[in-house]
Amino acid sequence: MSEISATGSAAGEPARHPLSMETLVSLCASRGFIYPSSEIYSGIAGFWDYGPLGVELKNNLKAAWWQRVVRERDDVVGIDSAIVSHPRVWEASGHVEHFSDPMVDCRTCKRRFRADQISDEPCSVTKKKGSVQDCDLTEARDFNLMLQTHVGASVEASSEAYLRPETCQPIFTGFKRVREASRSKVPFGIAQIGKAFRNEITPRNFTFRSREFEQAEMEFFCHPSEREKWFESWREARMSFHRAIGFTEANVRFREHAQDELAHYARAAEDVEFLFPFGWQEIEGVHDRGDWDLTRHSEFSGKNLIVTDEETKERYTPMVIETSMGVDRTCLALLVNGYTEEEVQGEKRNVMRLTPELAPIKAAVLPLSKKLSEPARGLYQDLARRMNVFYDESGNIGRRYRRQDEVGTPFCLTWDFDSAEDGCVTIRERDSMSQERVSADSVLNYLRDRLEAAS
Ligand code: GAP
């Protein structure tokens with residue numbers, strides 16, 4: 001596995017240490033961020049479960065996206081659609097015809113590979129012999145990536161349906177309804193976050209290429225004369241989001257698609273790429289989809305999806321600028337970005353430098369001794385009504401700090417033997433490890449100010 005230097009994302013001076021995916025995968029499982037789905041049955045390739053910390057991180061990321069893309073804008077509205085659509089949707093969208101990868105089978109080990117990846121991944125039998133040349137491969141043929149299911153009790157062709165391979169198609173099929181219901185006028189956008197499914201031939205790199213994953217997508221409808229302007233505007237908005245969640249110029253960049261790389265629906269596309277331990281890889285796409293989707297759904301459904309400009313009376317099909325962020329890939333990038341190893345007074349310290357907005361636990365309440373658990377629990381319960389806090393009274397205080405550092409908790413609150421007398425707790429900040437005494441009554445405001453200032 002190749003290695004890069006882990007970088008810190010927040011203030012402070014993180015030491016630079018190499019991070020391997022093995023280290024991250026093992027930390028994610030042992031601390032309850034992410035682990036294989038159906039693990040006690042040896043897992044199922046391409047499916048992952050998020051544990052107690054992972055679900056908080058993922059929810060915080062989705063909330064940050066929703067806040068900036070939907071709530072802070074007066075030109076974007078949100079929806080939450082069904083995962084299964086009418087099968088004609090996927091004919092209209094072009095997925096039945098075009099959504100495939102070239103695939104080859106190996107007659108020796110009976111496994112299936114992506115034809116464009118066989119050079120770096122020989123089959124398990126030939127791997128022992130050490131050469132891809134030893135694979136006994138079939139000719140490449142197209143393999144559709146959509147996951148099929150049957151709706152209702154029968155398993156006839158008429159009951160076949162697909163689990164959506166992208167979340168945006170119900171945005172297009174619901175375009176007229178949502179525009180009218182929300183009284184939106186072009187230019188405006190419709191956003192949704194949800195599950196998508198792709199029968200990837202070779203899921204790999206932890207959650208990076210999964211078969212079930214989440215997307216946060218926004219489709220922005222505009223007049224044809226404004227498509228370049230909106231493409232540029234969304235491109236900038238998305239990069240500023242990635243900076244706000246902690247990525248830097250050193251590990252996030254744009255990469256423009258060459259004409260022969262473009263998806264069947266795209267006229268232009270740029271990937272937001274992150275520098276993973278396995279190289280620069282896409283975490284989000286910004287696409288100019290033109291009028292492909294609305295025109296096709298109009299044709300296939302027979303419904304008119306044209307809009308009329310109230311002033312000029314011009315009738316036209318809006319163009320679509322899409323931003324499509326992979327939630328799981330971005331979570332993975334956040335964990336890679338945050339993972340830091342440093343040395344403090346001769347001892348190794350692991351710190352997950354997540355921004356306070358994204359950190360799974362905002363503060364940990366730690367009584368110095370179990371004898372102090374009653375008042376400390378009281379403080380914990382007060383705070384728990386407002387934010388995700390954690391209570392821990394086991395082990396020495398240094399070890400408890402380290403456990404919180406490792407999962408990214410920005411603040412630790414220690415209730416000590418002076419607290420009952422002076423009414424104060426010690427607040428320790430994760431990155432600088434600085435400590436200050438703060439009145440227990442004002443801890444909530446203190447935390448809110450710090451969390452808000454950092455977001
Ligand atoms: N609606 C456009 C669309 O789906 P895409 O580039 O195929 O575009 C968008 O996917 C994002 O979804 C990607 O940038 C990636 O972050 C995420 N994604 C795609 N396939 C994925 C997979 N197999 N596993 C995890 N995330 C995936």
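**Exercise 1. The ligand and its surroundings**

Find where the ligand sits, then work out which residues and elements surround it.

*Solution.* Step 1: the ligand sits in the largest pocket. A pocket here is an open set of points on a 1 Å grid over the protein atoms alone, with protein on both sides within 12 Å along at least five of seven lines; a molecule sits in a pocket if more than half of its atoms lie within 2 Å of the pocket's grid points. Before going on, please note that this is a predicted model, in which local features need pLDDT of at least 70, side-chain atom pairs count only at pLDDT 80 or more, and totals for chains, interfaces and linings use all residues. Residues are numbered from 1 along each chain as its sequence is written, and side-chain values use heavy atoms, with hydrogens and water left out.

Step 2: look at the elements. Strand S12 (212-222), strand S15 (279-290) and strand S18 (319-326) each give two or more residues to the shell around the ligand. Strands are DSSP runs of E with at least two residues, helices are runs of H or I with at least four, and both are numbered from the N terminus. S15 supplies the largest share of the shell, 6 residues.

Step 3: go down to residues. There are 22 residues around the ligand, and Glu166, Glu200, Glu217, Glu282 and Ile283 come nearest; a residue counts as near if one of its heavy atoms lies within 4 Å of the molecule.

**Exercise 2. Polar contacts of the ligand**

List the distances from ligand nitrogen atoms to the side chains of glutamate 166, glutamate 217 and arginine 289.

*Solution.* Step 1: recall that a polar contact is a pair of N or O atoms within 3.5 Å; within protein, one must be able to donate a hydrogen and the other to accept it, and residues adjacent in sequence count only if both atoms are side-chain atoms.

Step 2: read off the distances.
- Glutamate 166: a side-chain N or O atom is 2.6 Å from a ligand nitrogen.
- Glutamate 217: a polar side-chain atom is 2.5 Å from a ligand nitrogen.
- Arginine 289: a polar side-chain atom is 3.4 Å from a ligand nitrogen.

Step 3: add the area. The ligand taken alone exposes 560 Å², and the protein buries 93% of that. Accessible areas come from the Shrake-Rupley method with a 1.4 Å probe.

**Exercise 3. The nonpolar cores**

Identify the members that touch the most others in the largest nonpolar core, and then some members of a second core.

*Solution.* Step 1: a nonpolar core is a set of buried Ala, Val, Leu, Ile, Met, Phe, Trp, Tyr and Cys residues joined through side-chain atoms within 4.5 Å. Buried means under 20% relative accessible area, exposed over 50%, and partly exposed in between (1.4 Å probe, protein chains only).

Step 2: the largest core holds 55 residues, of which Leu61, Trp65 and Phe276 touch the most other members. A second, separate core has 21 residues, including Met387, Val425, Leu444 and Leu447.

Step 3: set this in context. In soluble globular proteins, nonpolar side chains tend to be buried together.

**Exercise 4. Unusual backbone geometry**

Locate a cis peptide bond and two positive phi values outside glycine.

*Solution.* Step 1: begin with the background. Most residues other than glycine have a negative phi, and most peptide bonds are trans.

Step 2: the bond from valine 186 to proline 187 is cis, with omega near 5°. Proline 187 is placed in the loop between helix H7 (175-181) and strand S11 (188-197).

Step 3: arginine 183 belongs to the loop between H7 and S11. Its phi is positive, about 50°, and arginine 183 is exposed at 72% relative accessible area.

Step 4: serine 42, with phi near 75°, lies in the loop between strand S3 (34-36) and strand S4 (48-50). Serine 42 is exposed, at 73%.

**Exercise 5. Two buried polar residues**

Are aspartate 271 and threonine 340 buried or exposed, and which polar contacts do their side chains make?

*Solution.* Step 1: aspartate 271 lies in strand S14 (residues 268-276). Aspartate 271 is buried, because its relative accessible area is 3%. Its side chain has a polar contact of 2.8 Å with that of histidine 257.

Step 2: threonine 340, in strand S19 (residues 339-344), counts as buried at 0% relative accessibility. Its side chain reaches the backbone oxygen of glycine 338 at 3.0 Å.

Step 3: compare sequence with space. Threonine 340 and leucine 19 are 321 residues apart in sequence, while their C-alpha atoms are 8.4 Å apart.

How values were computed:
1 Å grid on protein atoms, 1.4 Å probe; cavity = no way out; pocket = protein on both sides within 12 Å on 5 of 7 lines; lining within 4 Å.
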